[in-house]
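Trainee: Could we go through this one together? I would like to see how each label is earned.
Mentor: Gladly, let's have a look.

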Protein chains: 2
Amino acid sequence: MSLEQSVVRNHLLAMLPAQEFQALAPYLVPVDLPARQILQHPSEPIRALYFVEDGWISLLMALQDGSSVDIGIVGREGMIGTPILLGSDRSIVEAMVQRAGSGLRLDAQHLQDALRASPSLRQLLMHFSLALMTQVGQMVACNRRHPIEQRLVCWLLMAHDRGDGDDLPMTHEALAATLGVRRASISVAAGALQKAGLIRYASGRITILDRAGLEAAACECYSVVCAEYRRLLGNDGAV
Amino acid sequence: MSLEQSVVRNHLLAMLPAQEFQALAPYLVPVDLPARQILQHPSEPIRALYFVEDGWISLLMALQDGSSVDIGIVGREGMIGTPILLGSDRSIVEAMVQRAGSGLRLDAQHLQDALRASPSLRQLLMHFSLALMTQVGQMVACNRRHPIEQRLVCWLLMAHDRGDGDDLPMTHEALAATLGVRRASISVAAGALQKAGLIRYASGRITILDRAGLEAAACECYSVVCAEYRRLLGNDGAV
DNA sequence: ATTATTTTGTGTGATAACGTACCGATCTTT
DNA sequence: AAAGATCGGTACGTTATCACACAAAATAAT
């Protein structure tokens, strides 16, 4: 009883030609992605790719002082496991489920078979890798030059794109860890956004009230990265 | 009369099996890389890959305020043109020659032929792309958390690794643009390093005096990224 | 040699963000 | 309902870095 492409929410898989998807389907295993699960641990071999169906995954870089910084975010527009695609079973980048959801697992040892079964898959995955690289690159500049409030807005928009509704299950504390700043700084920045009527929040839940207003308040980084996702993955592939 | 592998200084090409290199050689065109030449322009199609032989190339992300930030640096351990490898002839990342040198050009339309001629090449290029991705990711965290002086040291070490001697032809102004900070901040940071006897500088030239001392003064980012280059490209591939 | 240009040193005040701390509000557990 | 834990608001002093400005030193051009 095989997986139906029509019910797949992952954009990469949804874009595959129907026949290729059918050939690929036997390798795909539906899995839950509970919050805080680590899909890619810096010190352990990566055993599988994950095509995200729901929720979103943070790519983190841990520092020696114990802090860590988000270098990218992946939702149903993408997958976790670019190192495998690029020929290594390790990476110092950590991938952690930030918003619980589900995904389709493709075991690493089947990747070559899967690529044979679906010739379009390689191109899609490589394009996604490039889009992700662009996102990470933009983050370098963003972290260097843009103030906390804009970075926060940028993050909220990216998370909103990858979520199901207008609610984001994040505390100020979690956001602070994600953006690599103090919790108090988030409280101040989020307070300003709430006062401006762009968002509302209460105990661990942030609600997007004015999407257009947020887009206007974000730094360029949001739209630049979005445009690149669209260019590489098409309007349907982009979030 | 073909290119001799023994005289090639690019580490990726040097690591190829001799036979594969011979098959690839006809596609490689020696080129000069004058300072400030742009190998990859955000708004133009990328027509070629460049295997760096000498000098180094900055990967830049330009921002709307007119500033730009270095997201990575490539020397003879690598190549310019990962977007082509990953299936796109465009990228919003700019590649500019920062220290003049030379390279071997592989025209984009020959890449597929080249990959057929040298099966090892794809794996090497993908490993390099992953190493570069790691470097960029670490830069995100570094820019977020580490002070200017450490970032400067980090950059000096990376440039030193990729250069020929202990002299780096960079003004404070150029360094400021590279690191995305004020020129005065560089003068202060560099002044401290000079006072500590780690470097010496004069009008557009920085000399590395105490390599070990610099390594001790750098943030973790330098060694983390180095280790990843070594892991992925081997001791000979790493800078 | 003189003049212009580039490069570096330095100072002043402003600002963003930090570390830390404490309190009240809200949620969870019992 | 009470107690405990988590979450958010706010404040204080500190530090890193900024923007701007100007002069001294070094280099290049005439």
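Mentor: Let's start with a term: a polar contact is a pair of N or O atoms within 3.5 Å, and within protein one must be able to donate a hydrogen and the other to accept it. Keep in mind that this is a predicted model.

Trainee: What makes the link between the side chains of Ser88(B) and Arg231(A) a polar contact?
Mentor: The distance joining those two side chains is 3.0 Å, and the cut-off is 3.5 Å, so the pair qualifies.

Trainee: Where is Ser88(B) found in chain B?
Mentor: Look in the loop between helix H3 (82-85) and strand E6 (94-107) of chain B.

Trainee: Is Ser88(B) buried or exposed, and how do you know?
Mentor: Its relative accessible area is 6%. Buried means under 20%, so Ser88(B) is called buried.

Trainee: Which residues is Ser88(B) in contact with, leaving aside neighbours within four places in sequence?
Mentor: From chain A there are His127(A), Leu130(A), Arg231(A) and Leu232(A), and from chain B there is Pro83(B).

Trainee: Now the cysteines. How many disulfides does the structure hold over all chains?
Mentor: The total is 0.

Trainee: Why is Cys154(A) not in a disulfide with Cys219(A)?
Mentor: The sulfur of Cys219(A) is the closest cysteine sulfur to that of Cys154(A), at 4.0 Å. A disulfide needs the two sulfurs within 2.5 Å, so this pair is too far apart for a bond.

Trainee: And what is the closest cysteine sulfur to that of Cys154(B)?
Mentor: That one is in Cys219(B), 4.0 Å away, which is again too far for a bond.

Trainee: Why is Cys154(A) called buried?
Mentor: Cys154(A) has a relative accessible area of 6%, under the 20% limit, so the word applies. Cys154(B) is buried too, with 6%.

Trainee: Let's turn to the DNA. Which residues come nearest to DNA strand D?
Mentor: Of the 15 residues around the strand, these are His172(A), Arg183(A), Gly204(A), Arg182(B) and Ser185(B).

Trainee: What makes Ser185(B) a polar contact of DNA strand D?
Mentor: An N or O atom in the side chain of Ser185(B) is 2.8 Å from a phosphate oxygen of the strand. The limit is 3.5 Å, so the pair counts. Gly204(A) uses a polar backbone atom, 2.8 Å from a phosphate oxygen, while Tyr201(A) has a polar side-chain atom 3.0 Å from one.

Trainee: Which helix gives the most to the surface near DNA strand D?
Mentor: Helix H8 (residues 183-195) of chain A, with 3 residues.

Definitions and conventions
Residues numbered from 1 in each chain as written. Chains lettered and ligands numbered in written order. Predicted model: local features only at pLDDT ≥ 70, side-chain atom pairs only at ≥ 80, totals over all residues. Heavy atoms only, no water. Buried < 20%, exposed > 50% of the residue type's maximum accessible area, 1.4 Å probe, protein only. Near = heavy atom within 4 Å. Helix = DSSP H or I, 4+ residues; strand = E, 2+ residues; numbered from the N terminus. Contact = heavy atoms within 4.5 Å.
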